[in-house]
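Student: Could you take me through one helix of this model closely, and show how its two faces relate to the rest of the chain?

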Amino acid sequence: MKPPDQQLTSAQVGSVLKMLALTTERELNCSECLQHVGEFAETRLASQPVDAVMASIEQHLALCPECREEFEALMTILQAGQ
Ligand SMILES: [Zn+2]
C-alpha cells in the first residue's frame with residue numbers, strides 16, 4: 001500500500017516561497033501601520049468595507065502584537081466615546 005503523498009513538489013515549494021516574498025513585500029512596518037491604525041479602527045467601528053490599505057493594516061495587526069495592542073487600546077477609547 002502506498003502512503004499518502006505529503007511531500008511538497010519543488011513547484012509547490014516555489015509557489016509558497018513566492019507567496020512569502022509577496023507577503024513580505026506588501027507588509028507594512030510598524031510606523032506605517034500606526035499612521036493608519038486610527039483610520040482602521042474607525043472603519044471597523046463604522047462597519048465599513050476595508051480597502052487595500054486597511055486590509056494590509058489588518059494583516060499587520062494579525063502579525064504584530066505591539067501594533068495590535070495600540071489598535072485595541074484605540075478601539076476601547078473609540079467605543080467608550082460612542
Ligand atoms: Zn507593528
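Tutor: What follows is a close look at helix α3 and its surroundings.

This is a predicted model, in which local features need a pLDDT of at least 70 and side-chain atom pairs count only at pLDDT 80 or more, while totals for chains, interfaces and linings use all residues. Residues are numbered from 1 along each chain as its sequence is written. The chain averages a pLDDT (the predictor's confidence in each residue, from 0 to 100) of 86, and 84% of the residues score at least 70. Among the elements of the chain, α4 has the highest mean pLDDT, 95, and helix α1 (residues 10-26) the lowest, 70. Where pLDDT is low, the predicted coordinates should not be read in detail.

Helices here are DSSP runs of H or I with at least four residues, numbered from the N terminus. With 12 residues, α3 reaches 17 Å from its first C-alpha to its last, close to the 16 Å expected at 1.5 Å a residue, where the expected span is 1.5 Å times one less than the number of residues.

The buried residues of α3 are Ile 57, His 60 and Leu 61; a residue is buried if 20 or more other C-beta atoms lie within 10 Å of its own, exposed if 12 or fewer, and partly exposed in between, with C-beta atoms placed from the backbone. Seen down the axis of α3, these buried residues fall within an arc of 100°, so they line one face of the helix; the arc is that of the directions from the helix axis to the C-beta atoms. The face turned away from this buried side carries the exposed residues Ala 52 and Ala 62. Ser 56, also found in α3, counts as partly exposed because it has 18 C-beta neighbours inside 10 Å.

What covers the buried residues of α3 includes α2 and α4. The largest nonpolar core (a set of buried Ala, Val, Leu, Ile, Met, Phe, Trp, Tyr and Cys residues joined through C-beta atoms within 7 Å) has eight residues, including Ile 57 and Leu 61. The elements that give two or more residues to this core are α2 (30-45), α3 (52-63) and α4 (65-80), and the largest share, four residues, comes from α2. Cys 67, another residue of the core, touches His 60 and Leu 61, and among its other partners are Cys 33 and Val 37; such contacts require C-beta atoms, placed from the backbone, within 7 Å.

Terms used: Two residues are in contact if their C-beta atoms, placed from the backbone, lie within 7 Å. Lists of a residue's contacts leave out its neighbours within four places in sequence.
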